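Please look through the sequence and the structure shown here before reading on. The report then goes through them part by part.

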Amino acid sequence: MAERTAFLAQMVEINTSTVSFGERLGNMVHLLARHLKVDLALYFGLDKNKEALSLQISSKAPVPPHLKLEFPWGRGTVGEAAQTRSNIQVDRRQPGVAEANAPLEKIHPAFHTLAAFPVADDNFLYGVLLLVHKSERHFTAAERQKVRLSTLMLAGTLRQALMQEEAKKRIAELSVLFEVGKALSATVELDDLLERIVTTTAKVINARGAALQIIDRVSGETRVSSKYGKVPGVLVCPPISETAPEARTLPEPPYIQGQAPNAEGVLHYHLAVPLTFKGQLSGTLCVFDKIAATGQFGPFDPENRQLLFTMAGLIVSALDNALTYQQVENLAERNERMVRHLTALQEISWAMLSTVQEDRLLDILLQGIVLENGLGFDRALLLTVDETTRTLQGIKGALRPPASPTSPILAQALAMPLALELSLADWQVPVRADQGALAQAVLQRRPQLLRQPPKDPGIPPSWQAAFDAQEFFVVPLMVKDRATGLIVVDNQTSARPLEPEPLHALQMLATQAALVLENAHLYSTIDANNRELMLIRERMLESDRLAALSSLASGMAHEIRNPLVSIGGFARRIEKMVEQNSPLRGYVEVIKEEVTRLEKLLREILDFTGENLSYFGDHDLDQLIEDTLLLVQRDLDAGNIKVEKHLAVLPRLHCDDRQIKQVFYNLFQNARQAMPHGGTLTIRTQPVEKEDGIYAAASVSDTGGGIPMEVLHNIFNPFFSTKDYGTGLGLSIAQRIVARHYGQIEVKNELGYGVTFVVTLPIAKYCLVKDAGEKASLASAVNVPSGGRR
Amino acid sequence: MKKILVADDEMAIRLLYSEELKEEGYEVYVAANGQEALEVVDKIPLDLVILDIKMPEMDGIEALRQIKEKRPDLPVLLSTAYGEYKQDFATWASDEYLVKSSDLDDLKAAVRRHLRE
């Protein structure tokens, strides 16, 4: 009894000791064998699948790992005891016992008695306790009681061990899941997440290294997204993609586990599991070199594998989240940018609709492109295509003004003048294929993104230095199918890349700008045409009035001419008939002379009314003046009048030479008559630039004391004369001729000294050079009298 | 004696011209319009015709055309109060275009020239 108590006490002591479960079980089995004085006490544990029982504990010595001693369920005494859940005792002499238990000979070649006791509690069979002895052996009731006690203790300890192991595993798994979950939910930044995945995986599995490979959805290539710790130079992560499809039929997800040499030939252990995302393989998760408790590297066990699968599942969903989040974020960001640009576009459009002035439009356009709250480019340049010369002509450019907190809203900013304006007047590029990228953009009529073009022939030398931007974008301004100009943008100052959204917005803006600019151009053309029409109308009104006067005068003149011819003719006949000294002769003389005077007046009136034809041609003004001077030279000499000439070399005038000569003839005659006591006639010619072109100016000055103020306003009126002789038509005729040539005649009166008449006549050629459009209109205007009369 | 026809609707002019030309030694016929002038041309072997342009019934231009049809060799001078048709006289195939003047020296010189005197 005392001995039984002692045995019990020892058993309890072992069971409550702090050593490991394995040791405890060993000690228990050893104690039992010693007490019962049997050769061996062995514990066979039932495997998970309940298919076999394998030797786990021996009372003699620890079971060597290489020793594999097991009995299938129901086979051998051990298997039988497990199957029947009853104690069985046999000895070698019984038939079949030796054969059925032959494996035992490995550890006890001469066994005789075998007694098997199931180790179980109420609902679970853990294994079988087998007592082995070399001779016949009977167990007393007390001994049986000890064995019974021992199996209960063993069962209890095993249950404890199992529970603890289970708990440990649960805790480990939970903590891993917690760790992984914590890591994965800590961030939605994809890069950060990938980093955390490999780090956590390696730590949880206690691996020396880990790597995550993701298959690029576009290219299909596998790339290492992130790695941690020691990863072999040559990644042995296997191409799971090939095994993946059939993997689904396997009870366990596919994996690859093994050993491979690294670059230095050192063996590495690896374990890789696939990442399947929505049924598709999206990558692999690999770990390398398990670090054992001893610090040695070793292979991975099934538990690691299980954990890696769990991780893979978590990773896939986290990746999914992160990818979705990233996509949503990208979309949101893109939308925001789009909305901002569209709003800016709308503002710019509104601003452009507010004006038809080309200059103002250009400012708004450039401003909208460079302003921070507009499209926000660093620099914008505008060039237009001159269709007549096929040249790209720089117009102007703008730089982005520095952003400030007080920056006004876009609509207000657009209304302001350009803050940083660039002049591109010296920028001219022929539109030819060999003239660089800008000319090409015009020819090809589509936008182009250009990477730093060194020494582009389309960029003037003075601009080469300023054109060191990494890339710049060229958008043609298209009207119908014709490029009317170019917008060039870059981010030279900030060296930011050119983003697709603002470029897209710029293209939309360019489409609208092209139309608005074209409209403005048409408007200004119409405006100019209108003004010209107004001018022509005024001139026509003027000529209408003169024409009315002309037709009246001409009708009268013709009616008067016939009677005058008769009167004068007969007077001459009478003159021939009367005696030389008859008083009648004097009367006839008067009639004859008066008629002659009337006939002269008649000729002048008919000249004035434009009866005479005009012959327009290109003539040298100086030569016309010289020719006219010849006509009056004798009169001037006779009147003791000195002539001073200051004649400049002028381009030829398109004019009616006879009419122009008439003008100067009249002016010279007037000057002569203003200086009855002699004086100086000064003639001066020079070019004069006016708003609409270049004119030839000829001035005729006398030293006749000037024109009294009270008559000055009348001098150009027909039939007005301060003289007792003459028709009073001289200046009127001169003015009318000059007006017909689209020139002007002005009078500068210096009372007490003399008068200067200044005749200015347009030089069509020069107006031509200055402005092609103006030239055409002026030239045709000059042609009106010659072509339009008759 | 050279035969000259003066056609003018103004009696005073007809008188003046015929007096002056007779004095120069020509045989002068007169007509008051183009129609009359053509009749004279048909009847008389004229050496020269002086035509006014503006005349009733048939003007000088039409008379000139018909005279030149009948007798292309006959010199015809246009004498008129209008200066503005001068540029057209060549197309009308007249031999001279004279603007009327109280001084008849120009007219007489032209007559002499065309009669090759």
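The sections below cover the interface between the chains, the sheet of each chain, and the salt bridges.

## The interface between chain A and chain B

This is a predicted model. Chain A brings 18 residues to the contact, and chain B brings 20 residues. The area buried between chain A and chain B comes to about 1700 Å². Carbon and sulfur atoms account for 51% of that area.

Charged side chains also meet here. Between chain A and chain B there are 6 salt bridges. One example is the salt bridge between the side chains of A:K576 and B:E23, where the N to O distance is 3.3 Å. The interface also has 8 residue pairs in polar contact, with both residues at pLDDT 80 or more.

## The side of chain A that touches chain B

Which helices of chain A each supply at least two residues to the side that touches chain B? They are α13 (500-577) and α14 (583-608). Helix α13(A) gives the most to this side, namely 13 residues. By type, the residues on the side of chain A that touches chain B are 6 nonpolar, 5 polar and 7 charged.

## The sheet of chain B

Strands of a sheet are paired by hydrogen bonds of the backbone, and the pairing can be parallel or antiparallel. Chain B has an open sheet of 5 strands with parallel pairing, in the order β2-β1-β3-β4-β5. Its edge strands, β2 (27-31) and β5 (96-99) of chain B, each pair on one side only. On average, neighbouring strands of this sheet are turned by 20 degrees against each other, with direction ignored.

At one edge, β5(B) pairs with strand β4 (residues 76-80) of chain B in the parallel sense, over 4 bridges. Within this pairing, B:T80 has B:V99 of β5(B) as its bridge partner. Helix α4 (residues 105-114) of chain B packs on the sheet and touches β1 (3-7), β3 (48-51), β4 and β5 of chain B. The direction of α4(B) makes about 170 degrees with that of β5(B).

## The sheet of chain A

Chain A has an open sheet of 6 strands, and here the pairing is antiparallel. The strand order is β3-β2-β1-β6-β5-β4. Which strands form the edges of this sheet? They are β3 (70-72) and β4 (88-91) of chain A, and each pairs on one side only. The twist from one strand to the next averages 25 degrees.

The edge strand β4(A) runs antiparallel to strand β5 (residues 113-120) of chain A, and 4 bridges join the two. In this pair, A:D91 stands opposite A:T113 of β5(A).

## Salt bridges across the structure

Side chains that carry opposite charges can pair when their charged atoms come close. Over all chains, the structure holds 43 salt bridges. One of them joins A:R334 and A:E501, whose closest N and O atoms are 3.3 Å apart.

Why does this pair tie together parts that are 167 residues apart in sequence? A:R334 lies in helix α8 (residues 302-353) of chain A, whereas A:E501 lies in helix α13 of chain A, so their salt bridge links those separate parts.

How values were computed. Residues are numbered from 1 along each chain as its sequence is written. Chains are lettered from A and ligands numbered from 1 in the order in which they are written. This is a predicted model: local features need pLDDT of at least 70, side-chain atom pairs count only at pLDDT 80 or more; totals for chains, interfaces and linings use all residues. Side-chain values use heavy atoms; hydrogens and water are left out. Contact means heavy atoms within 4.5 Å. Buried area is the accessible area (1.4 Å probe) that two parts lose on being put together, summed over both. A salt bridge is a side-chain nitrogen of Lys or Arg within 4 Å of a carboxyl oxygen of Asp or Glu. A polar contact is a pair of N or O atoms within 3.5 Å; within protein, one must be able to donate a hydrogen and the other to accept it, and residues adjacent in sequence count only if both atoms are side-chain atoms. Ala, Val, Leu, Ile, Met, Phe, Trp, Tyr, Cys and Pro count as nonpolar, Asp, Glu, Lys and Arg as charged, and the others, Gly among them, as polar. Two strands pair if DSSP finds at least two bridges between them. Axes are lines fitted to C-alpha atoms, for helices over the stretch in contact, and angles run from 0 to 180 degrees between N-to-C directions.
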